[in-house]
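Visitor: Could you walk me through one part of this model up close? I'd like to look at the helix at the start of the chain and what goes on around it.

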Amino acid sequence: TEAFGSEVSHFLEEFLLVNLVSELDRLVDKILEDRFEVIPDPGLRRYALEMRRNAVRGLKYKELRELVQLFGDKSDDYYTQMLKGNDELIQRHDGMIRNRNSIAHGSGAQVTLAEIAVGLNKTEDLLQIVRDSISMT
């Protein structure tokens, strides 16, 4: 078809990006949930699980780093070291979040499926670093 570059294609790209970023929020939520499972005190574990629900929405690199820092210096050092010099990963991840926010607030975004795919791969790498970082303690 001649859909590439059309309004339909643009709508689908935006729809896909919004839904993928929403899924990424769920993945960050799951990373925290898995980490909190080791808390032996059931009341404290329940509290931690409830508090995470308010903390995980469209987190850019900076907010993810702040989240990792809550787990201590060892986690923060690992996160920082793993991302040192990895500007493309950070830019692609943050770009996906920025574009999603633009779409959600009515501004729209010029994003292609190829850019979404690259951003998604980079974000998956970043989330693995987050998972590894908070597991250091």
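Guide: Start on the outside, with Val-8, Phe-11, Leu-12 and Phe-15: together they make a nonpolar surface patch of about 430 Å². Keep in mind that this is a predicted model. Phe-15 from that patch sits in helix α1, and α1 covers residues 7-36.

Now follow α1 along to the cavity. The structure holds 1 cavity of 30 Å³ or more, and the space in the largest cavity comes to about 50 Å³. Its lining is made up of Leu-24, Asp-25, Val-28, Gly-58, Leu-59, Leu-64, His-93, Ile-97, Thr-123 and Leu-127. Three helices, α1, α5 (87-104) and α6 (113-134), each give two or more residues to that lining. Of the elements involved, α1 gives the most, with 3 residues. Sorted by class, you get 6 nonpolar, 3 polar and 1 charged residues around the largest cavity.

While you're here, have a look at the last residue of α1 (7-36) as well. Leaving aside residues up to four places away in sequence, Arg-45 touches Phe-36, along with Glu-37, Ile-39 and Pro-40. Arg-45 itself belongs to helix α2, which takes in residues 42-52. If you want a sense of scale from there, try Ile-116: Arg-45 and Ile-116 are 71 residues apart in sequence, and their C-alpha atoms are 35 Å apart in space.

Terms used:
Residues numbered from 1 in each chain as written. Predicted model: local features only at pLDDT ≥ 70, side-chain atom pairs only at ≥ 80, totals over all residues. Heavy atoms only, no water. 1 Å grid on protein atoms, 1.4 Å probe; cavity = no way out; pocket = protein on both sides within 12 Å on 5 of 7 lines; lining within 4 Å. Points joined across faces, edges and corners; volume = space filled by probe spheres on them. Helix = DSSP H or I, 4+ residues; strand = E, 2+ residues; numbered from the N terminus. Nonpolar A, V, L, I, M, F, W, Y, C, P; charged D, E, K, R; others polar. Patch = residues over 30% accessible without salt bridge, like charges linked within 9 Å, V, L, I, M, F, W, Y side chains within 5 Å. Areas by Shrake-Rupley, 256 points an atom, 1.4 Å probe, with all protein chains shown as cover. Salt bridge = Lys/Arg side-chain N within 4 Å of Asp/Glu carboxyl O. Contact = heavy atoms within 4.5 Å.
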